[in-house]
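Student: Hey, can you walk me through this one? I'd like to get a feel for how to read it.
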Amino acid sequence: MENKNKSEKNCPCGRIITDPKNKTGLCPKCQKTGVNIVSALGVAGIVFLVKKNGGKIIKSTFDVVKNIKKF
Ligand SMILES: [Zn+2]
């Protein structure tokens, strides 16, 4: 059974997105990769701030978390 849907979406990686409820425009694999990249960047940012601000570790971390939530 072939269902040609005009709203069929393609992920940037070339996969066809079969989930009609998909709002991100990414296939599940790329979604997972994207989340990992965002998480990695967040962790890297916190590590960078911790290294830079030795004594202000806790305050800096809270500021980063606040900024992430705002974003
Ligand atoms: Zn993909």
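Tutor: Sure. Going along the sequence, the protein follows the pattern β-β-α-α. That comes to 2 helices and 2 strands. Keep in mind that this is a predicted model.

Student: Okay, so what average pLDDT does the protein get?
Tutor: The average pLDDT is 80, and 79% of the residues score at least 70.

Student: Which elements have the lowest and the highest mean pLDDT?
Tutor: Helix α2 has the lowest, with a mean of 73, while strand β2 (residues 16-17) has the highest, at 90.

Student: Switching topic: how many residues does helix α1 have, and how far does it reach?
Tutor: Helix α1 covers residues 28-52, which is 25 residues. From its first C-alpha to its last it reaches 36 Å, close to the 36 Å expected at 1.5 Å a residue.

Student: And why does α1 lie largely in the open?
Tutor: Because the number of buried residues among its 25 is 0.

Student: What about the whole protein, what percentage counts as buried?
Tutor: Just 1% of the 71 residues.

Student: Now aspartate 63. Where is that?
Tutor: Aspartate 63 is in helix α2, which runs over residues 57-70.

Student: Why does aspartate 63 count as partly exposed?
Tutor: It has 13 C-beta neighbours inside 10 Å, so it gets that label. A residue would need 20 or more to be buried, and 12 or fewer to be exposed.

Student: Last one: what separates the C-alpha atoms of aspartate 63 and isoleucine 46?
Tutor: Those C-alpha atoms are 9.8 Å apart, and the two residues sit 17 residues apart along the chain.

Methods. Residues numbered from 1 in each chain as written. Predicted model: local features only at pLDDT ≥ 70, side-chain atom pairs only at ≥ 80, totals over all residues. Helix = DSSP H or I, 4+ residues; strand = E, 2+ residues; numbered from the N terminus. Expected span 1.5 Å × (residues − 1). pLDDT = per-residue confidence, 0-100.
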